[in-house]
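Me: I'd like a close look at one part of this protein, going slowly enough for a first-year. Could you pick a spot and walk me through how the pieces there fit together?

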Amino acid sequence: MKVGVIGAGQMGSGIAEVFALAGNEVKIYDVDRGQLDRALKNIKWSLSKLAEKGRVKDVEEIMSRLHVSEGLSSFQTEELVVEAVFEDFNVKAKTLEEVSRRLSPESLIATNTSSIPITELSRAVWSPERFLGMHFFNPPVLMELVEVIKGDSTRDVYFNKALEVVRNIGKTALPVRKDVPGFVVNRILFRVFNKACSILDRYTVEQVDWVAYYDLGFPMGIFMLLDYTGLDLNLSISKEVAKRGLKLNCPEVEKLVANGKRGAKSGSGFYDWKERPRIERVQGGPSPKELIEDAFREGLWLIKEGVATEEEIDKGTMLGLGLRSGIMTMGRRLGLS
Ligand code: 3HC
């Protein structure tokens, strides 16, 4: 399959890698040529890591399937294009308008937005019946889940095709048939982030992260994950969801970003990332129940609204966030109901 990926940041480069790894020819584009060079370097590093573990045989062969594009106008014959540009409605809408204008009306067009409803973005897309959300988790090559989101205009034939594409790249699809800001897994994660930020007057970053890691089975601490996904991205997400009624508030993230600390990619955030930070055992900290009760309630809201079932929320949080057990199961075990 010929695939296009627009945006070569952490997510775009990871998505391009996943498609190339699964045998597809991939064209990748970014307005910033330097970003494209960094993306290719990161993909090569990641593939070499997978080769060390026996998951990849020939790194160069996979790299040869990745092609750098010189401009949006070069996307014409791709069967699938995934947009993964900056998390801002106007930037995404402009990109989608431009690329959908040239592609054949049968080509699938997907956005990797973390937060913006598909139906809103679809208004910018030519032939919006072939447009949907394909939401990957960072790092795409290691995280098994992809949420596939149907907008109001998405036709079933294209939705089913996207589910098949996700299966063909070896990932597990979580079909999301109701288009709410942040979809399923991110809505849960936003509540965890927000709660963690709101208790920083009582606990330290290290205390919160230790409880998340040790008691709740998160693969990394909550603030470490904020750093890892990018504080600037999290700030943009908060702005986009706030416009749509979901208020998230983390003044510490705003302060860090204002000081140029964008998390792992900039070398510092809540943690210093010159070397990979480790979670340290510390005393005290919030109760595990306090940390996830809002996320659990968000899960109940998703069920009530018919966005996802309890099983889907559990599966999504395990495969998308690497949790040892799903957030709903975890909450019930801690006495939430
Ligand atoms: N490609 C290949 N290998 C990689 C890699 C990549 N991109 N990233 C890390 N690795 C390798 C490491 O180099 C290391 O290799 P080694 O064993 O040879 O040293 C190995 O994987 C294990 O990595 P680490 O020791 O650094 O740490 P972990 O064991 O904790 O694994 C992790 C890393 C898979 C990222 C794990 O911590 C994890 O699952 N974290 C949670 C991630 C998560 O929640 N993602 C979703 C965020 S939300 C999102 O993306 C949505 C968006 O809309 C915001």
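Reply: Here is a walk through one helix and its neighbours, ending with a disulfide.

Keep in mind that this is a predicted model. Let's start with helix α9, residues 222–229, and ask what it touches. One partner is helix α7, residues 185–198: the two axes come within 10 Å and cross at roughly 120 degrees. Angles from 65 to 115 degrees would count as roughly perpendicular, so α7 and α9 end up being called oblique to each other. Their crossing is left-handed.

Which residues do the touching? On the α7 side they are Leu189, Val192, Phe193, Ala196 and Cys197, and on the α9 side Ile222, Phe223, Leu225 and Leu226. Sort that contact by class and you get nine nonpolar residues, with no polar and no charged ones.

Now turn to the other partner, helix α8, residues 205–215. Here the axes of α8 and α9 are 7 Å apart, and the packing angle is about 100 degrees. That makes this pair roughly perpendicular. From α8, the contact uses Val205, Val208, Asp209 and Ala212, while α9 brings Ile222, Phe223 and Met224. By class, that is six nonpolar residues, no polar ones and one charged one. Notice that Ile222 and Phe223 of α9 turn up in the contact with α7 and also in the contact with α8.

What about the rest of α8? Its buried residues are Val205, Gln207, Val208, Asp209, Trp210, Val211 and Ala212. They pack against α7 and α9, and also against α12, which covers residues 288–304. After α8 comes Gly217, with a positive phi near 80 degrees.

Let's go back to Cys197, which we met in the α7 contact with α9. What is it bonded to? Cys197 forms a disulfide with Cys250, and the two sulfur atoms are 2.0 Å apart. A search of the whole structure finds one disulfide. The link between Cys197 and Cys250 is left-handed, with -80 degrees about the S-S bond. Cys197 sits in α7, whereas Cys250 sits in the loop between α10 (231–242) and α11 (251–258), so the pair ties together parts that are 53 residues apart in sequence.

Are the two cysteines buried or exposed? Buried means under 20% relative accessible area. Cys197 has 7%, so it is buried. Cys250 has 13%, so it counts as buried too.

Technical notes: Residues numbered from 1 in each chain as written. Predicted model: local features only at pLDDT ≥ 70, side-chain atom pairs only at ≥ 80, totals over all residues. Heavy atoms only, no water. Axes fitted to C-alpha atoms, helices over the stretch in contact; angles between N-to-C directions. Helix = DSSP H or I, 4+ residues; strand = E, 2+ residues; numbered from the N terminus. Parallel < 35°, antiparallel > 145°, perpendicular 65-115°, else oblique. Left-handed = near helix turned anticlockwise from the far one by under 90°. Contact = heavy atoms within 4.5 Å. Nonpolar A, V, L, I, M, F, W, Y, C, P; charged D, E, K, R; others polar. Disulfide = S-S within 2.5 Å. Buried < 20%, exposed > 50% of the residue type's maximum accessible area, 1.4 Å probe, protein only.
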